[in-house]
Amino acid sequence: NWLRQWPALKTNVWRSLVVISTLTCGVGLAHWRPSAQMWSGQSFYSAIRNPWPLGHHNFVGGYCLLLLPMVVGFTLSQSRWQRWIGVLAIVINVSALYISGSRGALLGLLALCVVSVFFYWVCHPQKNKKHQAIIGLLGLALVAMLARNQRVRALSTTYSFSAHSTLSIENIADSPTKDRLFMLQAGQNIFQKHPFLGVGPGNLSRVYNLYRPLQAGGGLDVVQQLHNTPVQLLAELGLLGFSGYVLWLAALLKLGLSLHRTINNRTDRILLYSIGASWFAYSISSLTDYQLENIGIASTLTITSALFIYLANIYLPPSSVILTPKSRRLASLGLLLYLSIAVQFWARADVGLYLSTVAQQHQQSLDLAAADAKWTAAAQLVPWDPTYSALSADQLIATLPDITDADASQRLSSAAIASLKSALKAAPNDSFFNQNLAVLLLPTEAAQAEQYMRHTVRLFPRSRHYSYYTLGCTLLMQGQNTKATTAFAL
């Protein structure tokens, strides 16, 4: 509505995206601390991976990739000195994308370059050899840049075979690649169990351990997302919800083709192609990660969608579907109700984060009672998030060894048990919550501890955290010596 009422706002919004992207990338470059080991070492943790300023290198790579075509397009739409400033912005964005170390983002950039060159040659077959030489040199520079990246080179040693080994995920040497393939297996397991409705939006991290591949061994025990956007949506929403996304993308593609045939204005055509290139590159990168919870990425997708719909509103004929005033009113009321519910949950989540931050400050100043009170309040305010109850229990358990008074120790242990049970209500399939609760219950409630440990070994059968030993202890305390022997043998 704003774009429709103030047409000049379109250029200002586009410019704002470019400025914010360049400033964000500049902050990331300022925080980057290069070292010689980044270029020669093989360690995952010392490789080129800059997480600033979004907190994770894949977020940084995805954000830079999403904005890079918008920066390039805006630069092409300018002239004289403004275009040179745009070139500097492109260099900053490309540099930030490269040092992020996100291989998914680099894959998206490579795919975008290949597709762009292909369409350039198809649409401009008569261009002179000078242009072709420049494109060829830029392509060679891109290949050299990717080959220089230590994380990209690690893919050349993806498989590690012995003389009698077979082709399998377990033989993959590159840990991130191996983890992603195991997570795809988990997504397949979820889809086979819940093909139509999925496990519900936001629930994947709560049920992942039920579908975790046994071949993952002792790894991938705490997974928040499947590192693949289509698979994540399919697992959480099922075929029904996933089909909605596919139809939405098909509608956007249809609009884009219609605009391609309609738009004559050079600047608007560049904007259309910039949005299309941005979405295409990010869609390739999204096959290696799920990032829709990141505010910077989600807001950029929203703003570019608004610019895209604005172009359709200007150049395409109005829709044949006309809502009556009553239908518009009902739709508006429904949207207002949805936003009211969303804001209520958003506000509670924000207050919970604030209380947790205050609790950590109290903990650092050794005011443990005040810290526990804040975490308890946060857990009551945001009961669907197990984090605050888990932090409260963690602090209480860490304090127990320093308590010499038996009554005080019992009270602390009971409080920790209550906090862990609260966390388990939100995340009943977390193996660590179950095992820690069983350890606390073991001295006084061996039968109850046994139930939590049985669930732990079902969730994480190849755990390295003495799960079967703890289960054996619960059985031994109940006089079930034969079963305890089996557990100890395992």
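Contact here means heavy atoms within 4.5 Å. The model is predicted. The exercises below use it throughout.

**Exercise 1. Place Ser102 in the structure and list what surrounds it.**

Step 1: find the segment. Ser102 sits in the loop between α5 (81-100) and α6 (103-123).

Step 2: check exposure. The relative accessibility of Ser102 is 3%. Buried means under 20%, so Ser102 counts as buried.

Step 3: look for partners. Neighbours within four places in sequence are set aside; Ser102 then contacts His57, Asn58 and Gly61.

Step 4: look at the side chain. From Ser102 it reaches the backbone nitrogen of Ala105, at 3.2 Å.

**Exercise 2. Examine α5, the helix before that loop, and the residue just after α5.**

Step 1: test the length. α5 has 20 residues, which at 1.5 Å a residue should span 28 Å. The end C-alpha atoms of α5 are 29 Å apart, so the two values agree.

Step 2: pick out the buried positions. They include Gly86, Ala89, Ile90 and Asn93. Ala96, Leu97, Tyr98, Ile99 and Ser100 are also buried in α5.

Step 3: step past the end. Gly101, just after α5, has a positive phi of about 75°.

**Exercise 3. Decide which cysteines, Cys25, Cys64 or Cys113, form disulfides.**

Step 1: recall the bond. A disulfide is a covalent bond between the sulfur atoms of two cysteines. The cut-off is a sulfur pair within 2.5 Å.

Step 2: test Cys25. The closest cysteine sulfur to that of Cys25 belongs to Cys64, at 3.5 Å. That is too far for a bond.

Step 3: test Cys113. The nearest cysteine sulfur is again that of Cys64, here 15 Å away, and Cys113 is in no disulfide.

Step 4: give the count. It is zero disulfides.

Step 5: compare the surroundings. Cys25 is buried, at 2% relative accessibility. Cys113 has a relative accessible area of 28% and is partly exposed.

**Exercise 4. Describe helix α2, which holds Cys25.**

Step 1: set the limits. α2 covers residues 9-31, 23 residues in total.

Step 2: check the span. From first C-alpha to last, α2 reaches 33 Å, close to the 33 Å expected at 1.5 Å a residue.

Step 3: list the buried residues. Among them are Lys10, Trp14, Leu17 and Val18. Ser21, Thr22, Thr24, Cys25 and Gly28 are buried in α2 too.

**Exercise 5. Work out how α9 and α11 pack.**

Step 1: read the geometry. Helix α9 (residues 175-193) and helix α11 (residues 229-262) pack at about 10°, and their axes are 9 Å apart.

Step 2: name the arrangement. With that angle, α9 is roughly parallel to α11.

Step 3: find the residues that meet. α9 brings Leu184, Gly187, Ile190 and Phe191. α11 brings Val231, Leu234, Ala235 and Leu239.

**Exercise 6. Explain why Phe308 counts as buried, and list its contacts.**

Step 1: locate Phe308. It lies in helix α13 (residues 295-315).

Step 2: apply the cut-off. The relative accessible area of Phe308 is 3%, so Phe308 is buried.

Step 3: list partners beyond four places in sequence. Phe308 contacts Leu252, Leu255, Gly256 and Leu259, among others. Leu272, Ile275 and Trp279 are also in contact with Phe308.

Step 4: measure out to Met453. Phe308 and Met453 are 145 residues apart in sequence, and their C-alpha atoms are 53 Å apart.

**Exercise 7. Find unusual backbone geometry at Pro53, His227 and Leu366.**

Step 1: set the background. Most residues other than glycine have a negative phi, and most peptide bonds are trans.

Step 2: take Pro53. A cis peptide bond joins Trp52 to Pro53, with omega about 0°. Pro53 is in the loop between α3 (36-40) and α4 (57-76).

Step 3: take His227. Its phi is positive, about 55°, though it is not a glycine. His227 lies in the loop between α10 (204-211) and α11. At 22% relative accessibility, His227 is partly exposed.

Step 4: take Leu366. Its phi is positive, about 65°, and it is not a glycine. The loop between α14 (325-364) and α15 (368-381) holds Leu366. Leu366 is exposed, at 70% relative accessible area.

**Exercise 8. Summarise the whole protein.**

Step 1: count elements. There are 21 helices and zero strands.

Step 2: give the extent. The C-alpha trace spans about 85 × 70 × 50 Å along its principal axes.

Step 3: give the burial. Of 490 residues, 40% count as buried.

Terms used. Residues numbered from 1 in each chain as written. Predicted model: local features only at pLDDT ≥ 70, side-chain atom pairs only at ≥ 80, totals over all residues. Heavy atoms only, no water. Buried < 20%, exposed > 50% of the residue type's maximum accessible area, 1.4 Å probe, protein only. Helix = DSSP H or I, 4+ residues; strand = E, 2+ residues; numbered from the N terminus. Polar contact = N/O pair within 3.5 Å; in protein donor to acceptor, adjacent residues only side chain to side chain. Expected span 1.5 Å × (residues − 1). Axes fitted to C-alpha atoms, helices over the stretch in contact; angles between N-to-C directions. Parallel < 35°, antiparallel > 145°, perpendicular 65-115°, else oblique.
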